[in-house]
Structure formats: C-alpha cells, structure tokens
Amino acid sequence: MATPADKLWRNARLATMTGGGLGVVEHGAVAATGDTISYVGPGAEAPDAAEIIDCDGRWITPGLIDCHTHLVHAGNRAKEFEARLEGATYEEIARAGGGILSTVTATRAASEDELIATALPRLDQLIAEGVTTVEIKSGYGLTLNDELKMLRAARRLGDVRNIRVRTTLLAAHAVPPEYRGDADGYVDLVCREIIPATVGLADAVDAFCEGIGFTPEQTGRVFAAAVVHGLPVKLHAEQLSNLNGAALAARHGALSADHLEHLDNAGIAAMKRSGTIATLLPGAFYFTREERRPPVQTLRDAGVPIALATDCNPGTSPMASILLAMNMGATLFRLTVEECLRGVTINAAHALGLELGVLEPGSPCDLAIWNISDPAELVYRIGANPLHSRVFAGQ
Ligand code: DI6
Ligand code: FE
C-alpha cells in the first residue's frame, strides 16, 4: 500500500502533456504531497489521501504558463490605437517618439507600488484562466533604477498572488530619450551597469533586435554581457523584419526566440541546433494587423518546439488572456489543438528554462481544472472561460 498523499483529485480526465502529445488519461487521478505531484495515473491505482476532491469527470491540465508578457507597465496607449485606426503605423509612431517611449515616461513616473497596483488586474485575469506561471519583462524603465523598480515590482507580484513569476531584463527594448542618437552608449550602460546590477533579480535577459530597436551587433553585446553574468538569453526577433536575430540568439544558446513572423530557414535550422523554443505571439500579430504569418509548417517540419504567449503589453498586444492567445494561435497561425496546449504548458516552461508544465510525479502540483468535455474546447471558444478551479503548488 502506497503512503497516503495530502490531496487527491479523483474522477478526472487528465491531459498530462507527457509523451509528446496530450498524454490523455481517462478515469484519472492526481495526488499531491506537499507542493509536489506524487501520483498521476488511473484512479483505481491512486494512493489514499488526507483530502479527496471529486472532479466529477472534469478535465485537469497542468496550470497554464504565459511565457512572454510585459505585464508591469504604467498607463495605456488607447490614443495611439486610435491614431493607428486613422492610418498611422506602429513604426511611424515609434519613430516620432510615441509608442514604447510614451509608456517609458509613464512607467518612470510610477512608484513600485503603483506598478504593482496597475499590473494586478492583468495578473488576476491570467490567474482566472488557470495560469500558474508567468514571465514578466522590464523594458519600460530604461535607466538602472527604473529597470530595477520594474523587476522588483514583478517579483513582488509573485508574493501577493499564488503564482510563480519569472522575471526578464529587457533594458535593450528601446533607446531612451537621453541617449537619442547614441544607441551604442546606451548599450554600454546596459552591459556595464544594468546587467550586473540585476543578477539575482532577473532570471533572463531579452532584447528587441529590430530596425526601431537594436542592431544585431548591439544585441550580441547585450547577450555576451548576460552570458558572462550567468543569465540565459531570449530575443524579440524577426517581428517586423528579418535581421537574423533568431540565429544570433541561437548562437548564444537562447531559451527562446519570440515573434518570428519574418524568420527564415537558416534561423529555423539554428534554433533547432541550439534547442531554442519558438514563442509565437498571435495577439501582437492580430493587433498590429501584421500580414506575414510565422513559418509554422517549417518550424513543425524541423521539429522546433512552439510556445504561445499573450505578449501582454500596452502597444502591440493589450491582451491578458492566455485562452484567447490559444484561439488566435489556432485561427491565425493554424496551430493544432495539441500544439496550442503544449504551447502554454510544457513548451512554455522550456521557453523559461523550467521543468514543469506537465502532470508528472516530482513536478510542482500546479493544476487547472476545467468545465469542458474535450480539450479542444479550450482553444475553440472566444472570450469564454471554462476554468472550474486552479491549484498552485498543491494549494
Ligand atoms: N515587441 C513588441 O511587440 C513589444 N515590444 C517589442 O519589442 C511592444 C512594446 C510596446 O509597443 O510597448
Ligand atoms: Fe514582447
């Protein structure tokens, strides 16, 4: 007789996400001992437990993971959205000093507490959809102190809610106004002061490699500094143009390359070699009315794992719904239901360098329990939320 667990969810249908697919177990059960999964499998063989929860045949998936967000920021860009409706482009607005820089002004003016207060409704929306791990980037401070403020706010969000927060330093998001015309000078500051100061506060380093962001040479310098300080890298790459950013990221062993609408075959081959995850962000594609789709079929053929995320940000993806990101991944990028689900669980975990996003003994007991009769319903509905309940670290 196995030792009793603390909690047992029984009478459930499981999508364990193990074995390369959905890993379905009918008549299944999940047990937790402390904050960790201690049993996954047929209900008939489940251990006894101090507390037993009858799931009435509901589906259990791993808690969902949003692996690319800019959740912490002040203000919004509704007026810029209106200007874009009148015909202005995202790049024109950015070059005229609006866009990212208007959020930088608002974020610099906000206190750490204010950043937490404005981020909480967005975080709560993700939590309400079963998200148990979220990545949050800096990148709207662009000074040492303001980037630290954003990262601290992000970390503190993980103290005030039951959620795992992974922080990413995105100091190389835009050239700040005080360095206008001197992007290299700003990159020096990022490499010499900001990256060293964020060790222990950032889990990874990201950059925006783009005509309106940083050149591949500048991005490479940021990556080199990150690697020296033991921080893994990821990259906003090939969103608006092809600068071979994904291949550059892959050469630095990047966890993920994100966006990728303009990714080419050489970039895909490089990502395959380095095990870099392709994180697709259909919310930004939709909101900017991008016409070029990421090369999903070629990524698939090459065996590059795909993650999906909200990119929740005020400029190009004002969306805090992981379920909508899944629906958009299917409708706009033609991902399968299985790819959408793997994209917000196991592959999203790998995009963060984490071993979770599966129902497996030894994994953190993060569960999403759903009022659905088939996993496809999680992808199919628009604007609906069938979450029944959510478990974070066994609670
Ligand atoms: N790509 C994006 O889609 C966001 N950042 C980036 O590098 C947009 C950020 C913003 O417009 O505020
Ligand atoms: Fe982004």
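Biologist: What makes Leu308 and Val379 contacts of Met326?
Modeller: Contact means heavy atoms within 4.5 Å, and in this predicted model Met326, leaving aside its neighbours within four places in sequence, is in contact with Leu308, Cys340, Leu341, Val344, Leu378 and Val379. Local features need pLDDT of at least 70 and side-chain atom pairs 80 or more, while totals for chains, interfaces and linings use all residues. Residues are numbered from 1 along each chain, chains are lettered from A and ligands numbered from 1 in written order, and side-chain values use heavy atoms, without hydrogens and water.

Biologist: Why is the set around Val72, Leu260 and Met326 called a nonpolar core?
Modeller: A nonpolar core joins buried (under 20% relative accessible area, 1.4 Å probe, protein chains only) Ala, Val, Leu, Ile, Met, Phe, Trp, Tyr and Cys residues through side-chain atoms within 4.5 Å; the largest such set has 95 residues, and Val72, Leu260 and Met326 have the most contacts inside it. Apart from it lies another core, of 15 residues, including Val30 and Ile60.

Biologist: How do you know that Arg77, Tyr90 and Thr316 make polar contacts with ligand 1?
Modeller: A polar contact needs a pair of N or O atoms within 3.5 Å, and an oxygen atom of ligand 1 lies 2.7 Å from a side-chain N or O atom of Arg77, while polar side-chain atoms lie at 2.5 Å for Tyr90 and at 2.7 Å for Thr316, so these three pairs qualify. Taken alone ligand 1 exposes 320 Å², of which the protein buries 100%.

How values were computed:
Buried < 20%, exposed > 50% of the residue type's maximum accessible area, 1.4 Å probe, protein only. Polar contact = N/O pair within 3.5 Å; in protein donor to acceptor, adjacent residues only side chain to side chain. Areas by Shrake-Rupley, 256 points an atom, 1.4 Å probe, with all protein chains shown as cover.
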